[in-house]
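This report describes selected features of one protein chain, from its interior to its surface. The sequence and the structure are shown first.

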Amino acid sequence: MDSSSLSSIESLVNEIKKELVISNQDFNNTFVIQTSAYDTAWLAMIPYNNQEANGPMFESCLNWIRNNQNEQGFWGEPNGENLPTIYALPTTLACMIALKKWNVGESHVRKGLKFIHANTDALLKENSQRFPLWFTIVFPSMLQLAKAQGLDTILVNGSNGLLSDVFMKKKAILESEKFSGLRAGQDQPILTYLESLSHSDNCTVNEAIEVLKHLCEEDGSLFQSPSAIAQAFMATGSTKCLEYLMSIVQKCPNGVPSRFPVDEMLEMLCMVDNIQRMGVALHFEKEIQQILDQVYKNYQTNLQTNEYVSPETSDLPERLFKDSLAFRLLRLQGYKINQGSFCWFLNQPHTMAYMEKNQEQFAYVMYNVYRATDLMFNGESEMEEARSFSRNFLVNNDNISVPPALQKLIEHELNVPWFARLEHLDHRLWIELNQSLRNTIGKSPYYWLSYQQNDKLMQLAVQNYEYRQSIYRKELEDLKRWDAKTLDGPSKIIFEALDDLVCDVAKMYHLQHKIDITPQLRHMWKETFHSWMMESLWSRTSNLPSMDEYLKVGMISIGAHILVLHATSLGCPTVPSENLGPINGHYENITKLLMATTRLLNDIQSYQKEREVGKMNYTLLHLNENPEGHIEDSIDFIKKILGDKKKEFLENVLMDGSNDMPRTMKLLHLSCLNVFHMFYNSCNLFDTQTTILEDIMKAIYIPLQQEQQTPMPPPSKPLPPMLPPQENKIEIAKFNACLNGKNFKQQVGNIGIGISFVGRQAPKNYNSFGWSTKGFASQKLRSCFL
């Protein structure tokens, strides 16, 4: 492991922490908030004192437009391949309108028109099946405004039919919203697009102005939409709107965001979520703890003051997103937070009706609601209902426009259970999709993603991931000492390997604690061998054990406790010796739950193979005791037991008071279950070579597949390459060769599939991930826990 890599990572962490301090003290949109070219253009259109002859009121916004046109001629964020999205069409028109209004930037306008003429047809065709709601409402209005400004927006042949579709869809939306009755309330989401309504064929200018006046009298913020506030001020001259606009520009002088003001707590929650999902939370433990402490205090206060009431419907998406995200982050950190903190929407019929009517606004929200229900404990029936509702919502989203990167995340979430995923690989997925996600925001329901953007944080995530890969590659090289070609006899190999392992683990623990744990380690192995012998005896005789008898033996023979307790003795130096073996003949409840769960996971997947070779299996025993049933009934029975045990296990992991284990040891139990669950997950079976192999390669060898993104400053010291290109190919070829055919299962068992756990400050002789850097056994075992 190159010390320069770690030095570069630490330097980058320090830089980011300095910016975090600034952003906590004051709003700093350069760190997390993405500028909206569309909203900035609307502020650039406003005349000083609302008089055209006075020139622009916010010249800084006009200058931002002139300085931020893409080389291809459009404004707004490109996709991951640096190509325009459909959001670029109305955004580019808005920017050209602002420039044309003040007779500046003639070359920018020409370049923008060239882009519009060249790309409209292709972008419309690409999105013709599902035009985003914002685009459908805004684009026709921008075309009309551009025409009013004298801009030549004649499009190429072939676009007219698609344009007609957009105009007709907008008309249908406005008619369904019954625009003429909007003054009765603010439940209609169409109000958030007020800047476009006064230019609609479906609504007179005077009617729109009346609506604007009514709303401005109540609140000049107009749904925190800078573009809507800008139009409201130009139409009504409202002093409340003007004050609001001035506050926006004062805080964001160089381009405004799509929403203002920023919910600072939501901003911090998004930042914590992003840091964790990028795999760099270890470097920001103190900062994360401070943020979540404050969030928890706020939620406790809201609970005491009965603040969990229905928000305005226009605020529903943000409120539910914030509450579900806070629940997940707080529960993961061990805070006691009630399911009602985000399941409140289930008991509000008008909320459910609003969500059904405005599904596009809730796609990313329901994705986060579903993620929150991953952390369900036993007895939480509202969580069960929320999970079912959110899953159905996400599965049946064919009629709404969802960005491809978000759709990939949703599919991953739905298809691969959280218990069956390894954090290391989830970090990779988030890093690789992050760039695409940030560029699909536009003026869309996914604007919360703008809170998560920071180039330095991305740079840190990439370096950290590649640094970890280098560790795993080195450890894999160390494992090649267990080749065994020079040894004679399988019994000799097993005994010597086991003896070395036990002695080395005991030695490493003794170096740290001056305590000999050899008896505990030997006891664990002795009872494991005994369980294997008992299972072998059952297979050779006709005497079938009862289900309870089998499980008592089978939960030992699966060996999960061996893995987690041995690894704990090496990776968690604060663990007392009594936690490393059975106390008075019994293991801790969390360890027993791990043992039983991993055995049941195996037995609902391997029953057919084990029936063929005459081995015992919990599924087959249940079927034998219930001869009137079918194998599917036995599997469902065991899945119900599994579900309850996993919920109980998760509560033991996350909540204080359920056991005396240190948090790092409990999280290692969770990571061990992740590994087993990954092997036995129905879409990634232990015996399925290709999928497992692909994950191994991604975890250890394959470089990150990042999208094109804006250049970032180089690290303070150059990073070494992962492997020379030719050497990389050779290593991958060797790796493929050793994972072939019949011995794939055994090889994977030797190599181990990586998992990660939350670490802490590493003591002397421990690396940054909490693993001992001395001794042979530590090198072998920690490779099983990436």
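A residue is called buried when its relative accessible area is under 20%. The model is predicted, and the term is applied here to its coordinates as they stand.

By this criterion, helix 2, which spans residues 37-44, is mostly covered, with 8 of its 8 residues buried. These residues are Ala-37, Tyr-38, Asp-39, Thr-40, Ala-41, Trp-42, Leu-43 and Ala-44. One of them, Tyr-38, also belongs to a cluster in which ring pairs link Tyr-38, Tyr-87 and Trp-134.

The structure holds 18 aromatic pairs in total. A pair of aromatic rings is described by the distance of the centres and the angle of the planes. One such pair is formed by Trp-418 and Phe-419, and its geometry is tilted, at 5.3 Å centre to centre and 55° between the planes. Both Trp-418 and Phe-419 are buried.

A further buried position is found in a loop. Gly-73 lies between helix 3 (59-67) and helix 4 (88-101). Gly-73 counts as buried because its relative accessibility is 0%. Its C-alpha atom is separated by 5.4 Å from that of Phe-115, although the two residues are 42 residues apart along the chain.

The helices named in connection with these features are listed below.

| Element | Residues |
|---|---|
| Helix 2 | 37-44 |
| Helix 3 | 59-67 |
| Helix 4 | 88-101 |
| Helix 29 | 631-654 |

On the surface, Glu-628, Glu-632, Asp-633 and Asp-636 gather in a patch of negative charge. Of these residues, Glu-632 lies in helix 29.

Technical notes. Residues numbered from 1 in each chain as written. Predicted model: local features only at pLDDT ≥ 70, side-chain atom pairs only at ≥ 80, totals over all residues. Heavy atoms only, no water. Patch = residues over 30% accessible without salt bridge, like charges linked within 9 Å, V, L, I, M, F, W, Y side chains within 5 Å. Areas by Shrake-Rupley, 256 points an atom, 1.4 Å probe, with all protein chains shown as cover. Salt bridge = Lys/Arg side-chain N within 4 Å of Asp/Glu carboxyl O. Lys, Arg positive; Asp, Glu negative; His and termini not counted. Charge placed at Lys NZ, Arg CZ, Asp CG, Glu CD. Helix = DSSP H or I, 4+ residues; strand = E, 2+ residues; numbered from the N terminus. Phe/Tyr/Trp six-rings, centres within 6.5 Å; stacked < 30°, edge-to-face > 60°. Buried < 20%, exposed > 50% of the residue type's maximum accessible area, 1.4 Å probe, protein only.
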